[in-house]
Amino acid sequence: MAKPDFYETLGVARGADEKELKSAYRKLAMKYHPDKNPGNAEAEHRFKEVSEAYEYLKDPQKRAAYDRFGHAAFEQGGMGGGGMGGGGGFSDIFEDIFGEMMGGRGGRRSSGGRERGADLRYNMEISLEEAYTGKTAQIRVPTSITCDVCTGSGAKPGTQPTTCATCGGAGRVRAAQGFFSVERTCPTCHGRGQTITDPCTKCAGQGRVTEERSLSVNIPAGIEDGTRIRLSGEGEAGMRGGPAGDLYIFLSVRPHAVFQREGADLYCSVPISMTSAALGGKFDITTMDGARSRVTVPEGTQPGKELRLRGKGMPVLRSAQFGDLYVRITIETPQKLSKRQRELLMEFQELSSKETSPESTGFFSKMKGFFDTMSD
C-alpha cells in the first residue's frame, strides 16, 4: 500500500512555512494522541502518520529531498530514513512541539546542578576629556564568587552532593495530567538534580559567597556615550561550580562646559564683538588635545556662521582618524556705551546704506511690498 503524501497527512500546502507546519501538527497530534484515544488503533495509526510527516518536513534538508524524490528519498536508509530511526521516536517529537506548554527539556539545569551565574551591570560616568584620551579605570564590584572552601560544590570538604532520590538526578519530575504528560521542577532539589546533606559552612551549600572585587576596565579613546563594554566571565559566579555570568559596563559621558559632541565632531559657540564680526579678526581657542589653535574670522561674518578646524574633534574609535571642531560664531551687542561710543555708533548709522546692511534692508522692503499688496 502506497504511503500517504506527507503534506496531505498534515493538511497543508506544499509551500507551507515552518509556523504552518507546526500549527497543523499540533492540532492533529492533540486530536489523535493515544492518551486521548485509549484502545483506538486507528487514532494511534493516524498519530504515527502525522508524527512521521512532521519529522521529515520540519527538517529543511529532508523536506527538500522529499519535495524532489518523494518517499523514495528515504528508502533503503537514504537521508537517515527508515521510519523514525535516529530521531528519538514519537514521544521526542511530541515533547519538542509541546515543550513550551509542558515545561519541557529546554529548562533543565546542567549536569550536577550547576547553574550559570547572572550577568551584572555597572554604570560608569566619564568626562569628555577621558573619552578623548581613553583611560584604564579601576572599579570595585560587589558580586558572588566561587566559594574557596568547597570550590563551588556547596558540600562540606570531604563530602559530595548526592543524586536526588525524587527525580533521580533529572531535576524534573513528570506527572500525568489529562492526555498530557507534564514535567515540573523537582520540589526536593529545586531542579539541581542533587541534594547536599552536609553543606559547606562558609557558603551554606550555595557554592558561592558575596565579596567585593576590584577590576581593571580599559576605556578606549573615542568611546561614545551609551557604549556597553562586556567583560566575559566577570559577572556573578555560577551555582554549584557553574560558569560565571558576564559583567556589562554601561558608559555615560558627562556634558562638557564648552564643547558639545556629535559623533566624532565637536561644536562650541564663541561670542565675538560686533566690530570683529564687521571688520574681521583672529582669536585663539584651546582644543581638546590641549593645544591652542588660531581661528580667523572673515570680514562681514554673520551670527551662526560655523568655522571648521579639521582634525580637532574627537578620535574615531579604534582608528587613527579624528573628527572636526566647528566654531559657531555669535555676535555680542555692545552694552553700557559711553557718550563718545554712542556718538560714534549714531554717526555710523547715519552713514549706513543698503550695501552695509543688505539683509535687513531687503527684509523691510519685502514687508513693505506685502502690506502695499494687502491695501490694494
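Hi everyone. Let me start with a cut-off: a disulfide here is a pair of cysteine sulfur atoms within 2.5 Å. Keep that in mind as we go through this structure, which is a predicted model.

So, how many disulfides does the structure hold? The count is zero. Two cysteines show how that comes about. Take Cys-189: the closest cysteine sulfur to its own belongs to Cys-167, and at 3.7 Å that is too far for a bond. Cys-200 tells a similar story, with the sulfur of Cys-203 as its closest at 3.8 Å, again too far for a bond. And are these two cysteines buried or exposed? Cys-189 counts as buried, because its relative accessibility is 3%. Cys-200 is buried as well, with a relative accessible area of 1%.

Now to the strands. There is an open sheet of four strands, and reading across it you get the order β10-β11-β15-β14, with mixed pairing. Which strands stand at the edges? They are β10, residues 260-262, and β14, residues 306-309; each has a single partner strand, so one side of each is left without a neighbour in the sheet. On average, neighbouring strands of this sheet are turned by 30° against each other, if you ignore direction.

Let's look at one of those edges. β14 pairs with β15, residues 325-332, in the antiparallel sense, and four bridges hold that pairing. If you want a spot to click on, find Leu-307, whose bridge partner in β15 is Val-327.

Val-327 is worth keeping on screen, since we meet this residue again in the core. The largest nonpolar core has 36 residues, and Ile-249 and Val-327 are those with the most contacts inside it. What does Val-327 touch, leaving out residues up to four places away in sequence? The list is Cys-268, Val-270, Phe-283, Ile-285, Lys-305, Glu-306, Leu-307 and Leu-309. So Leu-307 turns up both as a bridge partner and as a contact of Val-327. There is also a second, separate core, with 19 residues, including Tyr-7, Ala-16, Leu-28 and Tyr-56.

One last pair of strands before we wrap up. β8, residues 228-231, has two faces: Ile-229 and Leu-231 are on the covered one, while Arg-228 and Arg-230 are on the uncovered one. β8 runs antiparallel to β9, residues 247-253, and four bridges join them. Within that pairing, Arg-228 has Phe-250 of β9 as its bridge partner. The β9 range, 247-253, also takes in Ile-249, which we just met in the largest nonpolar core.

That's my tour, thanks for listening!

Note on methods
Residues numbered from 1 in each chain as written. Predicted model: local features only at pLDDT ≥ 70, side-chain atom pairs only at ≥ 80, totals over all residues. Heavy atoms only, no water. Pairing = 2+ DSSP bridges. Axes fitted to C-alpha atoms, helices over the stretch in contact; angles between N-to-C directions. Buried < 20%, exposed > 50% of the residue type's maximum accessible area, 1.4 Å probe, protein only. Core = buried A, V, L, I, M, F, W, Y, C linked by side-chain atoms within 4.5 Å. Contact = heavy atoms within 4.5 Å.
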